Structures are given as structure tokens and as C-alpha cells.
2 protein chains.
Amino acid sequence: MATMTAAQKREQARTDYDAFLRACPTNQLLDRLSDKWVSLVLAALSTGPMRYSDLSRKIAGVSPKMLTQTLRALERDGLVTRTVTPSVPVRVDYELTELGGSLAQLMTAVKTWAETHFDEVHAAREQYDAENA
Amino acid sequence: MATMTAAQKREQARTDYDAFLRACPTNQLLDRLSDKWVSLVLAALSTGPMRYSDLSRKIAGVSPKMLTQTLRALERDGLVTRTVTPSVPVRVDYELTELGGSLAQLMTAVKTWAETHFDEVHAAREQYDAENA
DNA sequence: TGAGGTAGGCACCTTCAGGTAACTACTTCC
DNA sequence: GGAAGTAGTTACCTGAAGGTGCCTACCTCA
């Protein structure tokens with residue numbers, strides 16, 4: 001029948017919306033940026049190329065698993081390059097591509113916003129918390 | 001003793017870094033933006049004020065729980081205002097503040113980047129997947 | 001000779017964010 | 001009179017992300 005319960009309609013809408021979101025480039029990029037480690041790796045590499053172990057030291061606290069996973073994802077998206085030098089202890093260098101560099105600039109814009117407006121957000125929070133004591 | 005195993009040093013570094021990240025305004029903002037529903041609510045409200053039920057319809061698929069949670073967080077950070085009109089079915093309007101508007105503009109910058117570079121990212125992915133077949 | 005570095009891979013395990021369902025209290029529409 | 005809307009709240013539950021530990025294989029330094 002043509003009639004659906006509200007729950008059924010919501011379910012249908014949810015499925016459609018999920019598909020829409022997965023196809024949306026903005027959403028996909030946000031998924032990338034939102035990754036805790038992606039932003040840190042981008043920031044670390046923005047000063048120049050780095051080796052795997054340099055990264056793991058600079059980004060203290062990252063597990064080898066997540067570092068590898070993050071780097072692979074960035075490499076797949078063409079944001080970093082991975083260069084293997086087959087010397088005796090193998091040496092692997094990671095470097096931002098031009099595309100990766102432009103994304104890092106975007107991150108800088110976010111950073112700038114955060115720094116200039118942080119006081120306002122902080123003040124709003126204190127006020128809100130005080131009012132809803 | 002002054003000597004620590006590598007694992008202990010990693011653990012220590014992780015704890016320190018976590019504290020550092022929680023204090024970092026950029027990271028806090030990224031946590032906000034990275035929230036799936038926050039970005040959608042911001043986008044929805046950028047066209048003008050909306051009622052609770054309008055939002056839940058426009059952002060199809062959001063559960064009432066998450067919508068409330070998201071709106072409360074945004075209100076707390078001073079990014080949206082919540083106005084209750086005590087008419088007979090109570091009416092609640094949500095609207096972006098000036099601060100929220102500036103954040104929405106930042107989101108627009110992200111959107112623009114995503115749209116202009118999506119093809120490059122997509123091409124890089126296809127190439128990567130082809131090479132690592 | 002064994003401890004640590006270099007660049008990860010693999011499998012298990014836990015946690016918690018977010019979804020689901022049910023409820024409020026009052027109203028209007030069919 | 002019951003179904004649906006308005007604006008949520010509360011309790012419960014699951015799935016997937018991410019952390020931990022253990023492994024390779026070769027090298028160097030003390």
C-alpha cells in the first residue's frame with residue numbers, strides 16, 4: 001500500500017541520505033580531514049619530507065598501525081608520495097604532493113579560524129555552562 | 001630508575017600528546033567540524049533560521065537524539081541561538097550566530113576545495129588501485 | 001650477544017559513539 | 001478516538017574504529 005508508517009518513511013529517507021552523503025565530495029573530504037591522524041601527518045609533512053620513524057617520533061603517541069594506515073590512505077588519494085630507497089636498512093621517505101600541499105593550506109585556514117575565534121567560543125561555553133548550572 | 005623500555009616511553013609520550021591535543025584549539029575545532037551532523041546542520045542553517053522539525057526533515061536520516069545533541073553542542077559553543085516561543089504547541093527556532101556564520105563560510109571554503117580537486121583525488125585513487133591490483 | 005632501530009604486517013580485543021525504541025504531554029486533524 | 005505532529009528525554013545495544021602485543025629480517029653499537 002502507498003501508506004507508510006513514520007518509522008518506515010524515516011528508514012527510507014535515511015538510506016537515501018546515506019547514499020547521497022557517500023557520493024558527496026565535500027563529505028568525503030571532511031571524512032579525510034576529520035581523521036585525527038591525517039591532520040597531524042599533514043601538519044608534520046608541511047615542513048618538508050620525513051621518514052617513517054621521524055613521523056612516528058614527531059607525532060608522539062601514534063601507533064605504527066595507524067601511522068601506516070594513515071600514510072597509505074593519503075598516498076592512495078595522491079596527497080603524499082612514498083619513496084623507498086633500498087639501502088641496507090631500507091629507508092622510506094614521505095613527502096607532500098602539490099595536491100597535498102594545497103590541502104595543508106586549507107588546514108592552515110582552519111587553524112587560523114580556530115585561533116582567532118577560540119576566545120569567543122570559550123567565552124560562549126563558560127556562559128552557557130554558568131546559565132545551565 | 002632512569003631507564004625506560006621503548007614501550008614505556010611510547011606510553012608516556014602518548015599521554016603527554018593526548019593532553020596537548022585536547023588543549024589545542026585547532027584540534028578542538030576539527031573535532032567539531034568532523035562531526036557528521038554538525039556540518040550538515042551548519043549547512044542547513046546557513047540559508048536562514050529553522051525549526052527543530054524542519055531540520056529533522058531537511059537533514060533526512062538524523063535521529064532526534066543526534067539532532068538534539070548536535071544543536072546543544074553548537075548552542076554551547078555560541079554558534080547557534082535557540083529561541084523558544086511558548087505558543088500552544090511550543091515552537092523552537094534555531095539560527096546561526098555571527099560566529100556560526102563565519103564558521104559556515106569556512107565550511108564553504110572546504111567545499112570549494114573538495115569540488116575543485118575531487119577529480120584529481122579520484123584519478124589518484126584509480127591509479128593507485130590499478131597499480132596495487 | 002642482546003638490545004634497539006627501521007618499516008611495517010597480522011590478529012585479537014575493547015570501547016564508545018551513535019542508532020533504536022519507547023515515553024512525555026498537549027493538540028489537531030480525519 | 002486514534003494517529004500524527006511538536007520538541008525532545010532516557011535507557012539499551014551494536015558495530016566498527018582503533019589500540020595492544022607479537023612477528024619479520026637485517027643491521028649496528030656497546
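Author: A polar contact is a pair of N or O atoms within 3.5 Å; within protein, one atom must be able to donate a hydrogen and the other to accept it, and residues adjacent in sequence count only if both atoms are side-chain atoms. The model is predicted: local features need pLDDT of at least 70 and side-chain atom pairs count only at pLDDT 80 or more, whereas totals for chains, interfaces and linings use all residues. Residues are numbered from 1 along each chain as its sequence is written, chains are lettered from A and ligands numbered from 1 in the order in which they are written, and side-chain values use heavy atoms, with hydrogens and water left out.

Reader: What makes Val92(A) a polar contact of DNA strand C?

Author: A backbone N or O atom of Val92(A) lies 3.1 Å from a phosphate oxygen of this strand. That distance is within 3.5 Å, so the pair is a polar contact. On DNA strand C, phosphate oxygens also lie 2.4 Å from a side-chain N or O atom of Arg82(A) and 2.8 Å from a polar side-chain atom of Tyr94(A).

Reader: Which residues are closest to DNA strand C, and what makes a residue near?

Author: A residue is near if one of its heavy atoms lies within 4 Å of the strand. By that rule 18 residues surround DNA strand C, the closest being Thr68(A), Arg82(A), Tyr94(A), Lys65(B) and Met66(B). Sugar and phosphate make up 74% of the strand C atoms that come within 4 Å of the protein.

Reader: What classes of residue form the surface near DNA strand C?

Author: There are seven nonpolar, three polar and eight charged residues. Here Ala, Val, Leu, Ile, Met, Phe, Trp, Tyr, Cys and Pro count as nonpolar, Asp, Glu, Lys and Arg as charged, and the others, Gly among them, as polar.

Reader: Which atom of DNA strand D lies 2.4 Å from a polar side-chain atom of Lys65(A)?

Author: The partner of Lys65(A) is a base oxygen of DNA strand D. Phosphate oxygens of DNA strand D are 3.1 Å from a side-chain N or O atom of Ser53(B) and 3.4 Å from a polar backbone atom of Val90(B).

Reader: How many residues of each chain take part in the contact of chain A and chain B?

Author: Chain A gives 47 residues and chain B gives 47 residues, where contact means heavy atoms within 4.5 Å. About 4,300 Å² is buried between the chains, 68% of it from carbon and sulfur atoms; buried area is the accessible area (1.4 Å probe) that two parts lose on being put together, summed over both.

Reader: Why is the pair Asp77(B) and Arg125(A) called a salt bridge?

Author: A salt bridge requires a side-chain nitrogen of Lys or Arg within 4 Å of a carboxyl oxygen of Asp or Glu. The closest N and O atoms of Asp77(B) and Arg125(A) are 2.6 Å apart, so the pair qualifies. Four salt bridges are found across the interface of chain A and chain B.

Reader: How do you know whether Asp77(B) is buried or exposed?

Author: Buried means under 20% relative accessible area, exposed over 50%, and partly exposed in between (1.4 Å probe, protein chains only). Asp77(B) has 2%, and is therefore buried. Its side chain also makes a polar contact of 2.6 Å with that of Arg32(B). Not counting residues up to four places away in sequence, Asp77(B) touches Val121(A), Ala124(A), Arg125(A), Arg32(B) and Leu99(B).
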